[in-house]
Amino acid sequence: MAVRTIDEYISAQPEAVRPVLERVRQTILAAAPPEAGQTISYGIPTVTLDDRYLVYFAGWKHHISLYPVPDGDESLEAAVAPYRAAKGTLRFPLREAIPYDVITQVVAALLAQRAA
């Protein structure tokens, strides 16, 4: 059965991953404007703005992913470099502390990119 909400998605994840995903979600929402929405798109949690995706996140067996990753200045590039799995994907290993500050930077960069 396909999940319909982010709450359902998080509830369907392994118990150890749920609080991490919830904190990722709250980190994204704190960095996004108050009017940001939440939905499931392509089967994964999506935070939207103006009825368009802003950022996706997903839980996997060994990591949390965040998509897309905007091109950024040197500071952003240095922050995301250790987690870049592909041009548009960040992978945060669950065996390491999740860099919530990097997630905040990515959301800020996505918002700036959208505003430009």
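Below are worked exercises on this predicted model.

**Conventions**

Residues count from 1 along each chain as its sequence is written. In this predicted model, local features need pLDDT of at least 70, side-chain atom pairs count only at pLDDT 80 or more, and totals for chains, interfaces and linings use all residues, while side-chain values use heavy atoms and leave out hydrogens and water.

**Exercise 1. Lay out the sheet.**

Task: find the order of the strands in the open sheet, and say which strands stand at the edges.

Solution.
- Start with the elements. Helices (H or I, at least four residues) and strands (E, at least two) are DSSP runs, numbered from the N terminus.
- Apply the pairing rule: two strands pair if DSSP finds at least two bridges between them.
- The open sheet then has six strands, in the order E1-E2-E3-E4-E6-E5, with antiparallel pairing.
- E1 and strand E5 (84-86) are at the edges; each has a single partner strand, so one side of each lacks a neighbour in the sheet.
- The twist averages 30° from one strand to the next. Axes here are lines fitted to C-alpha atoms, for helices over the stretch in contact, and angles run from 0 to 180 degrees between N-to-C directions.

**Exercise 2. Check the pairs and the turn.**

Task: describe how E1 joins E2 and how E3 joins E4, then examine two loop residues with positive phi.

Solution.
- E1 (residues 37-41) and E2 are antiparallel and joined by five bridges. Gln38 stands opposite Val47 in E2.
- The two strands form a hairpin with two residues between them.
- Tyr42 lies in the loop between E1 and E2. Its phi is positive, about 55°, although Tyr42 is not a glycine. Tyr42 counts as exposed (over 50% relative accessible area, 1.4 Å probe, protein chains only; buried is under 20%, partly exposed in between), because its relative accessibility is 74%.
- Asp50 sits in the loop between E2 and E3. Asp50 also has a positive phi of about 55° and is not a glycine. Its relative accessible area is 60%, so Asp50 is exposed.
- E3 and E4 run antiparallel, with four bridges. Tyr56 has Tyr67 in E4 as its bridge partner.
- Just past that partner, the peptide bond from Tyr67 to Pro68 is cis, with omega near -20°. Pro68 belongs to the loop between E4 and H3.

**Exercise 3. Place the helices.**

Task: determine which strands H2 touches and which strands H4 lies across, then list what covers the buried residues of H4.

Solution.
- H2 packs on the sheet and touches E1, E2, E3 and E4, at about 160° to E3. Contact means heavy atoms within 4.5 Å.
- H4 lies across E2, E3, E4 and E6, also at about 160° to E3.
- Compare the length of H4 (residues 100-115) with expectation. Its 16 residues reach 23 Å from first C-alpha to last, close to the expected 22 Å. The expected span is 1.5 Å times one less than the number of residues.
- Residues of H4 that are buried include Tyr100, Val102, Ile103, Val106 and Val107.
- Their cover includes helix H2 (18-31), strand E2 (44-49), strand E3 (52-59), E4, helix H3 (74-80) and strand E6 (89-93).

**Exercise 4. Read the core.**

Task: for the largest nonpolar core, find the residues that touch the most other members and the element that gives the most.

Solution.
- A nonpolar core is a set of buried Ala, Val, Leu, Ile, Met, Phe, Trp, Tyr and Cys residues joined through side-chain atoms within 4.5 Å.
- The largest core has 38 residues, of which Val24, Ile28, Leu66 and Leu90 touch the most other members.
- At least two residues each come from helix H1 (6-11), H2, E2, E3, E4, H3, E6 and H4.
- H4 gives the most, with eight residues.
- Beyond neighbours within four places in sequence, Val24 contacts Phe57, Ile64, Ile98, Tyr100 and Ile103.

**Exercise 5. Examine Ser65.**

Task: is Ser65 buried or exposed, and what does its side chain contact?

Solution.
- Ser65 is in strand E4 (residues 63-67).
- Its relative accessible area is 2%, so Ser65 is buried.
- The side chains of Ser65 and Trp60 make a polar contact at 3.4 Å. Such a contact is a pair of N or O atoms within 3.5 Å; within protein, one must be able to donate a hydrogen and the other to accept it, and residues adjacent in sequence count only if both atoms are side-chain atoms.
- Outside four places in sequence, the contacts of Ser65 include Tyr56, Phe57, Thr89 and Leu90.
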